[in-house]
Amino acid sequence: MSSFSEEQEALVVKSWGSMKKDAGEWGLKFFLKIFEIAPSAKKMFSFLKDSNVPLDQNPKLKVHAKSILVMTCEAAVQLRKAGKVVVRDSTLKKIGATHFKYGVADEHFEVTKYALLETIKEASPEMWSVEMKNAWGEAYDQLVSAIKTEMK
């Protein structure tokens with residue numbers, strides 16, 4: 001596993017701290033960006049299949065989006081301290097199995113990474129920098145690597 005520096009950790013912690021109180025709103029924006037980039041991704045979410053509710057008002061999407069953003073950000077925040085990816089309220093095995101079941105591929109992870117970085121940039125514009133982008137990118141890549149290990 002590549003190292004996650006103290007500086008990277010500080011940038012992630014600081015930006016997540018500024019987003020945390022509005023995690024539901026930012027989580028929804030994150031998922032709306034994913035669906036804007038890759039509309040076909042909606043088919044991967046069983047709770048969206050037969051829904052006529054607009055995405056930005058879908059209660060199940062709101063709950064899911066917030067939980068995924070919080071899990072992703074909290075995994076990033078503790079990465080250096082734990083020395084590995086750790087997720088709460090679930091297991092990497094379960095996350096890996098779900099991603100495998102729905103056919104999540106590399107390009108899905110790439111779209112999600114782009115959407116995550118754009119969401120963080122939008123959430124903390126005054127803090128955004130190349131260093132912050134790289135810190136979040138590294139944390140995300142390590143999370144994805146851990147998920148992919150469990151998908152095999």
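Colleague: What pLDDT does the protein average?

Modeller: The structure is a predicted model, and pLDDT is the predictor's confidence in each residue, from 0 to 100. Of the residues, 97% score at least 70. The average pLDDT of the protein is 90.

Colleague: Which element of the protein has the highest mean pLDDT?

Modeller: The mean pLDDT varies among the elements. The lowest mean, 80, belongs to helix α5, which covers residues 79–82. The highest mean, 96, belongs to α2.

Colleague: Which element gives the most residues to the lining of the largest pocket?

Modeller: The largest pocket holds about 920 Å³ of space. Of the 33 residues that line this pocket, F31, F45, H64, I68 and H99 are the closest to its centre. The elements giving two or more residues to the lining are α2, α3, α4, α6, α7 and α8. With seven residues, the element that gives the most is α4.

Colleague: How many residues in the lining of the largest pocket are charged?

Modeller: The lining residues of the largest pocket can be divided by class. Nonpolar residues number 20, and nine residues are polar. The number of charged residues is four.

Colleague: Which residue caps the N-terminal end of α4?

Modeller: Helix α4 has 19 residues and reaches 27 Å from its first C-alpha to its last, close to the 27 Å expected at 1.5 Å a residue. Its buried residues include L61, A65 and L69. At the N-terminal end of α4, a side-chain oxygen lies 2.9 Å from the backbone nitrogen of K60. The residue that supplies this oxygen, and so caps the helix under the 3.5 Å limit for a polar contact, is N58.

Colleague: Which two elements each supply at least two residues of the lining of the largest cavity?

Modeller: The structure holds one cavity of 30 Å³ or more, and about 40 Å³ of space lies in the largest cavity. Its lining consists of T72, A75, A76, L79, V85, A139, Y140 and L143. By class, seven of these residues are nonpolar, one is polar and none is charged. The elements that each supply at least two lining residues are α4 and α8.

Colleague: Is V104 buried or exposed?

Modeller: V104 is found in the loop between α6 and α7. Its C-alpha atom is separated by 14 Å from that of L143, 39 residues apart along the chain. A residue counts as buried under 20% relative accessible area. Because the relative accessible area of V104 is 17%, this residue is buried.

Methods
Residues numbered from 1 in each chain as written. Heavy atoms only, no water. 1 Å grid on protein atoms, 1.4 Å probe; cavity = no way out; pocket = protein on both sides within 12 Å on 5 of 7 lines; lining within 4 Å. Points joined across faces, edges and corners; volume = space filled by probe spheres on them. Helix = DSSP H or I, 4+ residues; strand = E, 2+ residues; numbered from the N terminus. Nonpolar A, V, L, I, M, F, W, Y, C, P; charged D, E, K, R; others polar. Expected span 1.5 Å × (residues − 1). Buried < 20%, exposed > 50% of the residue type's maximum accessible area, 1.4 Å probe, protein only. Polar contact = N/O pair within 3.5 Å; in protein donor to acceptor, adjacent residues only side chain to side chain.
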